[in-house]
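Some points on this model follow, set out for a colleague who has the coordinates open. They cover a helix and its surface, a helix pair, and charged side chains.

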Amino acid sequence: MSTSNNEISTAGIQIKTSRRWLADAVELLSSMRFAISLLTIISIASVIGTVLKQNEPMSNYVNQFGPFWFEVFGKLGLYSVYSSWWFLLIMTFLVVSTSLCIARNAPKMLKDMRGWRENVREQSLRNFHHKAEWTSAVMPQLLAQQLQARIVAKGYKTKLVAKDDAILISAKQGAANKWGYIFAHSAIVIICLGGLLDSDLLIRAQQLIYGKTPFSGNGVIAEIPAEHRLGLGNPSFRGNTLIPEGSTSSSAIIAQKDGAMIQDLPFTIQLKKFIIDFYSTGIPKLFASEVVIRDNADGHTFSATIKVNEPLIYKGIAVYQSSFEDGGTKLKLTGYPMVGVSQTSFPLTGEVNGATPLASNGNTDYTIEWSGFRPFNVENMAQSGDDLRAVTKKSINQRLRDDLSSHLGNAAKSANKKDLKNVGPSVQYKLRDKTGQAREFSNYMQSIKVDDDYVFLAGVRDMPDEPFRYLRIPADDDDTVGEWMRLRAALENPELRAAAARRYAQRAIPESREGIAALRVQLEQSALRGLSLFAGDGKEAGYVAIAKFLEQVPPQEQEKAADIFMKILNGSMWDLWQVARQKDGLKEMSEDEKHSHFLQLSTTALSDASFYNAPVYLQMTGFDEIKASVFQVTRSPGKKVVYLGCLLLVLGVFSMLYVRERRLWVWIRPSTDDSGQSHALMAMSSQRKTLDFENEFEVLKTQLKQSEA
């Protein structure tokens, strides 16, 4: 018997313990501190999701953070914060917490709103801070009616309650303040539910239940297998589709961490024409798409124009104008060798977003990946700065200390004033070698006036997150790069360098002068050494090589030596140019200021070319532009739910801030001296003690005391 009692007692303790644990859990989940903690975490996550670009290609994050932090941030789901498992879990807990809070407190609030708080006593009313007492000659019943009428006139709802020997007037106003609490908390739940409906939670459910998997390969969208596609009945999605002019699309791409899902659409979008207009600063002010929609079910077609913030909505699916891209512009280019003694150009064609093999020495060592094209570029051409043009006026070391890298510069340097100009088309491409390493280039089609000189800008960068550095190739008399390329090839040719050095020595020391043949030989050797150093016969080339050579000179003589060395180099470069022209059967250039300045610019560009480090220079000669429009295609069942939540939130906040709940009691009883008079005790309370409440109490007290027979 005792054993049975012990078992019953133990079972009872376990039940009580489990109930206590459940009660504690509910108490924690529905507490304000728990909800505030969740909101704090959501706020931090939202800041991360705003600062860090979401759903970018994974390669962008690798370049930005490096391999180690890329893996760390990937494990935390920071590249897609709003669809990460922990963010959705927090949202779920917030919904549960707020729902429990509403379930616990809303019934009490509703009961309090309907109640009159009539179970008060005279003594309890005397304990109120805002109270007043007076005696009236009017009988209690009549006084109660008069006071009730005055209170009703002030907008209060009233109720008369008969007590043992007294009459209680219970009045209330602003009970809707409680609705503010209910509306605001319900709004949080509704907005979170709407957000969850529009998240990729439903897509994840389909992946779990129906075995859908992201597609991570390459191929034609129409041929992608069904396990990577989402059907027409998918209730919620947000994807993108890129359509070139004249092309169609009946599906959208939904980016995933490990690839993409293909969302089939119940209609086909055909892009007839893409329209774009720009401000004078080059910023787009309007882009729109003229499309034709074809219903895949019945073949019905209609035309529409989709603009920014003016989406097309059809069959519950919204099509937004998201952005625009190049749709495969056809490019015509001319290639110029940047290494070796050859200066023979060759034609080349390409297509944006495509690739073209580039043969070098008979072998396909490089692949050109055409990544971008711009039909025009508006740049700030206001200039300020310095370059290596005046190398004869400063020592090489000083010039290098100033800023050797500035000669690769920006396409348009910053300045205090603006000089916005359209500098023409440009092409962007990557040159990838057979090991997979690539550098990115951006070349302008036309010559551009920079610092009063017309140059062709050839940009290069090693990483996608770096700005382009520009090589400035001076335009010749025919507005081409031909003469600079001729000079570059000649500089690479040892025979032409030797001929140029000999010619320079002969010009500097004519043969008619006797007894100084050895000096001319010495000058010829110095000129040849300067050209060879500048050409890069050693590890370095250009001005860097000369600067390192001059470091061997004692510091006190470096500036003088640099001045002499640069005069010899400039003179021998002129002869190198003329020797190259003679070799090609062309007449010599007139040695005037214009051509001397061109040679100076060319020498600086040849020095910078060692940083360009590319086997070819590609100059665009023509193009056939094809635009493409990027549409965001969404089905958002949670949108209207969120709108409802926002409405409730506005009503709730308004009710809590601007609706004040006030309670008023008046206790009326016969006077204790049997004189037939009445004694009245008034008390008033409010959730917020404000100056308005104080004034209202004083007005009510004055008006109610004036009640006489």
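1. The model is predicted. A convenient place to start is Y658, which is part of helix 16, the run of residues 638–658. The relative accessibility of Y658 is 62%. Exposed residues are those over 50%, so Y658 is classed as exposed.

2. Y658 also contributes to a nonpolar patch on the surface. The other members are L649, V653, F654 and L657, and the patch covers about 510 Å².

3. Helix 16 packs with helix 7, which spans residues 177–197. Their axes lie 7 Å apart and make an angle of about 160°. Because angles over 145 degrees count as roughly antiparallel, helix 7 is roughly antiparallel to helix 16. The crossing of helix 7 and helix 16 is left-handed.

4. Turning to charged side chains: those of opposite charge can pair when their charged atoms come close. With a cut-off of 4 Å from a side-chain nitrogen of Lys or Arg to a carboxyl oxygen of Asp or Glu, the model has 31 salt bridges. Three of these pairs are taken up below.

5. E483 and R486 form a salt bridge with an N to O distance of 3.1 Å. Both belong to helix 10 (residues 482–492), and because they are three residues apart there, about one helical turn separates them. Are these two residues buried or exposed? The limit for buried is under 20% relative accessible area. E483, at 9%, therefore counts as buried, and R486, at 10%, also counts as buried.

6. A salt bridge also joins the side chains of D563 and K567, at 3.6 Å from N to O. This pair sits in helix 14 (residues 558–583) with a spacing of four residues, about one turn of the helix. D563 has a relative accessibility of 27%, so it counts as partly exposed.

7. Some salt bridges share partners, and in this way D112, R117, K178, E661 and R663 are joined into one network. Within it, R117 pairs with D112, and the closest N and O atoms of the two are 2.9 Å apart. R117 counts as partly exposed because its relative accessibility is 34%, which falls between the limits of 20% and 50%.

8. For checking against the coordinates, the items are the patch that includes Y658, the packing of helix 7 with helix 16, the buried residues E483 and R486, and the network that includes R117.

Key. Residues are numbered from 1 along each chain as its sequence is written. This is a predicted model: local features need pLDDT of at least 70, side-chain atom pairs count only at pLDDT 80 or more; totals for chains, interfaces and linings use all residues. Side-chain values use heavy atoms; hydrogens and water are left out. Patches are made of residues with over 30% relative accessible area and no salt bridge: like charges are joined within 9 Å, nonpolar side chains (Val, Leu, Ile, Met, Phe, Trp, Tyr) within 5 Å. Accessible areas come from the Shrake-Rupley method with a 1.4 Å probe; for residues, only the protein chains shown count as cover. Helices (H or I, at least four residues) and strands (E, at least two) are DSSP runs, numbered from the N terminus. Buried means under 20% relative accessible area, exposed over 50%, partly exposed in between (1.4 Å probe, protein chains only). Axes are lines fitted to C-alpha atoms, for helices over the stretch in contact, and angles run from 0 to 180 degrees between N-to-C directions. Angles under 35 degrees count as roughly parallel, over 145 as roughly antiparallel, 65 to 115 as roughly perpendicular and the rest as oblique. A crossing is left-handed if the near helix is turned anticlockwise from the far one by less than a right angle, and right-handed if clockwise.
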